[in-house]
Amino acid sequence: MHRSDEGAAAPNGMSGLAASWYVAMPSARLRRRPVPVRLFGADLVAWRGMAGRAVVAARYCPHQGASLAIGAVVDGCLRCPFHGWRFEPSGECAHIPGTDRIPSTARLATYPVQERYGYVWVWFGGGQPLFDLPDFPALGEHRHRYAGFRYTDVTAGTARQLIENAVDYFHFLTLHGLQLDPLEFRVLDDPAEAGDNGTPIDADAFFGAWLDGTVPSYRWWRSPARWLLHTAATYGSGRRFQLLVDGWPGGQRFTGYIDGREVYKVLLALVPTDERRTTQVGWALVRRTGRPWRTLLNLLLLYGQSRGGTWQDIPIYDTTEATGGGFHVPYDRGVLKFRRQYQHWVERAAQPARGTAEVQS
């Protein structure tokens, strides 16, 4: 056992947020009117420009601070409700009523944006994105192969806590009660090793892991609770539980296998709103089996695992001391390696004050 600063819990506030792609809002919420958004500890506004492309920018007019979220979209520009100033999707001021002179500094800070899987995604970290938004074929070209559900959870935990959860394999055994013996856990070095999850992630942003363990066999009449837990964990179709995880600083992809056979996939994305407020958005999908009853059973089991595990995790996130911890044991090596990589991207977030997202109703 040893102690280091790496053991401290994820720092709160946007100063501890990594440069990355994050979810801002559902695409369906963004229609003809501007929408107020809270993201990265900042008040933002979103609207659609001339070509229908999503725009996310600072919320307040540089003239006298009026909220542009109660303005209007005119010819793809955002018009201030107070004095009629108009802003292009680029953030530049295009028109000021009563004058032909537009100050060069009269502009809105904007964020790089993509729309994918029914959501608006925003790059946080200043300037242009440093890597592409990773894909997830199970929601794209392979969508017909899967059935699933989407979920959202709000927590006081930080982005780093939520992302490192899947790397902290030992909590699977303790908090979630999953017994695996023997157990192999290793950090992946090559993004191509996680090819089952999708196109390899940029090597500098990539972090991946592999878990492979054998579930003990129990008789249901002797230990019904353990029998039920482990039968559900292996979908009643084998004994080896295997999990392939890869991700970037703001999200993760998973593929779950039983005895080497793919059963499900999960995509996890984060909405970092404020200090002590983060939303995780997830897509959980089971592979269609060709037998509707079996596909439905697998889907119900995945739902139970996903929701049950999250309900156990969130009280931990919500009550963790931000500066606590610091002692490490051998099974923490993967977590510590992840934290070093994550901190690299925190340092690359050159303008941390510019970002976090939650659509306000």
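This passage describes the overall fold of a protein chain and then selected helices, strands and loops.

The structure is a predicted model. The protein chain contains five helices and 19 strands. For its 361 residues, a compact globule would be expected to have a radius of gyration near 21 Å, and the value of 22 Å found for the chain agrees with this. Along the principal axes, the C-alpha atoms fill a box of roughly 85 × 50 × 35 Å. Of the 361 residues, 53% are buried. When contacts between residues at least 6 apart in sequence are considered, 66% of them join residues at least 24 apart. The surface exposed by the protein chain amounts to about 16700 Å², of which 52% is supplied by carbon and sulfur atoms. The chain carries 40 positive and 34 negative charges, and the mean positions of these two sets lie 7 Å apart.

Two helices were examined in detail. Helix α4 comprises 28 residues, from 292 to 319. The distance from its first C-alpha to its last is 41 Å, close to the 40 Å expected at 1.5 Å a residue. Helix α5 comprises 15 residues, from 333 to 347, and should span 21 Å at 1.5 Å a residue; its end C-alpha atoms are 21 Å apart, in agreement with that expectation.

Both helices contribute buried residues. In α5 these are Gly334, Val335, Leu336, Phe338, Arg339, Gln341, Tyr342, Trp345 and Val346. In α4 the buried residues include the charged residues Arg294, Arg307 and Asp313, and also among them are Leu299, Leu302, Ile314 and Tyr317. The buried residues of α4 pack against two helices, α1 (159-164) and α2 (170-174), and against the strands β12 (146-155), β17 (261-274) and β18 (277-287). Leu297 also belongs to helix α4, but this residue is partly exposed because its relative accessible area is 34%, between the limits of 20% and 50%. Leu297 and Leu243 are 54 residues apart along the chain, and their C-alpha atoms are separated by 20 Å.

The packing around strands β12 and β18 can be followed through individual residues. Gly148 is placed in strand β12 and, at 35% relative accessibility, counts as partly exposed. Apart from its neighbours within four places in sequence, Gly148 is in contact with Ala284, Leu285 and Leu299. Of these partners, Leu285 lies in strand β18, while Leu299 is one of the buried residues of α4. Gly148 and Asp318 are 170 residues apart in sequence, with 27 Å between their C-alpha atoms.

Leu285 itself is buried, since its relative accessible area of 2% falls under the 20% limit. When residues up to four places away in sequence are not counted, Leu285 touches Phe136, Ala138, Leu139, Arg143, Tyr146, Ala147, Gly148, Val263, Tyr264, Lys265 and Leu302. One of these partners, Leu302, is a buried residue of α4. The C-alpha atoms of Leu285 and Leu267 are 8.8 Å apart in space, although 18 residues separate the two in sequence.

A further example of a buried strand residue is Ala24, located in strand β2 (residues 20-26). At 4% relative accessibility, Ala24 counts as buried. Ala24 and Leu39 are 15 residues apart in sequence, and the distance between their C-alpha atoms is 7.0 Å.

Several loops show notable backbone geometry. The peptide bond from Asp181 to Pro182 is cis, with omega near 5°. Pro182 is found in the loop between α2 and β13 (183-188). Two residues other than glycine have positive phi values: phi is near 55° for Phe40 and near 60° for Tyr117. Phe40 occupies the loop between β3 (35-39) and β4 (42-48), whereas Tyr117 lies in the loop between β10 (113-116) and β11 (119-124). Phe40 counts as buried at 1% relative accessibility. Tyr117 also counts as buried, because its relative accessibility of 19% is under the 20% limit.

Notes:
Residues are numbered from 1 along each chain as its sequence is written. This is a predicted model: local features need pLDDT of at least 70, side-chain atom pairs count only at pLDDT 80 or more; totals for chains, interfaces and linings use all residues. Side-chain values use heavy atoms; hydrogens and water are left out. Helices (H or I, at least four residues) and strands (E, at least two) are DSSP runs, numbered from the N terminus. The radius of gyration is taken over C-alpha atoms; the globule rule is 2.2 Å times the number of residues to the power 0.38. Buried means under 20% relative accessible area, exposed over 50%, partly exposed in between (1.4 Å probe, protein chains only). Contact means heavy atoms within 4.5 Å. Accessible areas come from the Shrake-Rupley method with a 1.4 Å probe; for residues, only the protein chains shown count as cover. The place of a charge is taken as NZ of Lys, CZ of Arg, CG of Asp or CD of Glu. The expected span of a helix is 1.5 Å times one less than its number of residues.
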